[in-house]
Amino acid sequence: MQTLLVRRNQDLLQNLDQLLTLLVDAKIPPELELFRDKLVARCKKLRQDVTHNLSYLSLGEKSILKDILSATTQTVQEVHLISSRLATPVLRTTPADRLCLITIEWLHGSNPETAPYPAAFVNSSPAIWPFHDRAPAPIYFFPNLEQHGLLYQSLLFHEFGHFLYRCHEPEMDALVCDLQYSINDLLMPASQRNDRYSEYVTNQRQDIAYTWYAWVQELFCDSVGFHIGGPSFINAFSKYLGMRDQSQYFRPLKYLVGSSHPVTWLRVHFLARRAEDAGYYDLANHIEDEWHSIADLLGLTEDYYGFYDESLDKVINQTIEDMLIEAGPRQCTDHEVSARGWSPKSDSLVQLFNWAWQVYSSSPDQYFSWESKQVERLLSIKSPLPT
């Protein structure tokens, strides 16, 4: 066992030296430097731990082998984690990453809970790996094509909502748990029969309440997206997901139970109502009409098999409001929505993203040449952007 542990720790030293060389030599945008610095510091600490393991092993004490095995196993797992996931934002970066990195850096700086965490992302469908006790920061995922323009940057606001949830997880989970109890109570029939049908109904009610644990988190993150980005988020959300496949509009019952996301059409309804409450009536009607017209063409009818009906609206919306109060995301202002223009010295990214959708809607043929100029302006900024 001692020989095996010595060999494994020697391999770890070599692996960590390779990782450090790759990380230090990587040519990265300035927005990634803090993330890399933290990762390099972690690799150096792990290397120190491995060196201590080898020193202890040189003593030849069999009584400490179990402890060293445990320490070595933990280091192996962490090196694999760094190699497979954490180092990817640094080792696979390109100069074009700066736009998303600036957006993420700005998002983190907009909230005191998230301000200490550097920006990092990799290529994939929009998502986030929000936290890990061994990670220097959350890692965002964003698709290749959408990274290069302004129209879809607001989708990162939804993923930021997941990060905020994790920052306030005990309080958030308590609110969600209360919602599950409320949903269970609201779905309770006025009278219960003592037979097999009653047992089926009880199990179905429990499935619905269980599923809403994940669903309300997604609706909360959608609300964070709108809270921060205003119309720019709803436009990005609807256009990105609106013409994918029929599952965005309808899913059979077997795919609803325990699912991680509500049917997208239901999410659109909640976003449209939130837009109406904020006074964006034309936007809400436009988005709803688009989704209805596509559903009609596909011959699809809304059916959530009891997992949602309007009787749940009040308690769901109240829970989301309580979650927003707990998380405290910055709120989009009327000026950021209506202003046609953007100054990097005085205006936030939200204003730029909303302006982008205004230009895209009014002058689609000229939009992409306009966008290139705005992205160039944004990337030329040296100082932090206003939050």
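How many residues does helix H16 have, and how far does it reach from its first C-alpha to its last? This tour of a predicted model opens with that element.

**Helix H16.** Select residues 364-379. Helix H16 has 16 residues and reaches 23 Å from its first C-alpha to its last, close to the 22 Å expected at 1.5 Å a residue. Centre next on Trp370, where H16 bends by about 25°. Trp370 is one of the buried residues of this helix, which also include Tyr367, Glu371 and Leu378. Display helix H5 (98-109) and helix H15 (349-362) as well, since the buried residues of H16 pack against both.

**Glu31.** Move to the loop between helix H1 (2-25) and H2, where Glu31 is found. Glu31 has a relative accessible area of 9% and is therefore buried, the cut-off being under 20%. Its side chain makes a polar contact with the side chain of Arg98 at 2.8 Å. Beyond residues up to four places away in sequence, Glu31 also touches Leu101, Ile102, Glu105 and Ala119.

**Helix H2.** Select residues 33-57 and locate Asp37, which is partly exposed at 48% relative accessibility. A distance drawn from the C-alpha of Asp37 to that of Ser110, 73 residues apart along the chain, gives 22 Å. Farther along H2, Asp49 and Lys45 lie four residues apart, about one turn of the helix. Their side chains meet in a salt bridge (2.8 Å, N to O). Asp49 is partly exposed at 22%, and Lys45 is partly exposed at 35%.

**Two salt bridges between helices.** The structure holds ten salt bridges. For one of them, show Glu78 and Arg42, whose side chains meet at 2.5 Å, N to O. This pair links distant parts of the chain, with Glu78 in helix H3 (residues 65-86) and Arg42 in helix H2, 36 residues apart. Glu78 is buried at 2% relative accessibility, whereas Arg42 is partly exposed at 29%.

Then select Arg267 and Asp222, which form a salt bridge at 2.8 Å, N to O. Arg267 belongs to helix H11 (residues 264-277) and Asp222 to helix H8, so the pair ties together parts that are 45 residues apart in sequence. Arg267 is buried at 7%, and Asp222 is buried at 1%.

**The nonpolar core.** Finish with the largest nonpolar core, which has 119 residues; Leu150, Trp212, Phe220 and Ile316 have the most contacts inside it. Helix H8 (residues 196-229) gives the most to this core, with ten residues. Centre on Ile316 and show its contacts Leu179, Trp212, Leu219 and Phe270, leaving aside neighbours within four places in sequence.

Definitions and conventions
Residues are numbered from 1 along each chain as its sequence is written. This is a predicted model: local features need pLDDT of at least 70, side-chain atom pairs count only at pLDDT 80 or more; totals for chains, interfaces and linings use all residues. Side-chain values use heavy atoms; hydrogens and water are left out. Buried means under 20% relative accessible area, exposed over 50%, partly exposed in between (1.4 Å probe, protein chains only). A polar contact is a pair of N or O atoms within 3.5 Å; within protein, one must be able to donate a hydrogen and the other to accept it, and residues adjacent in sequence count only if both atoms are side-chain atoms. Contact means heavy atoms within 4.5 Å. A nonpolar core is a set of buried Ala, Val, Leu, Ile, Met, Phe, Trp, Tyr and Cys residues joined through side-chain atoms within 4.5 Å. The expected span of a helix is 1.5 Å times one less than its number of residues. The bend at a residue is the angle between axes fitted to the seven residues ending there and the seven starting there. A salt bridge is a side-chain nitrogen of Lys or Arg within 4 Å of a carboxyl oxygen of Asp or Glu.
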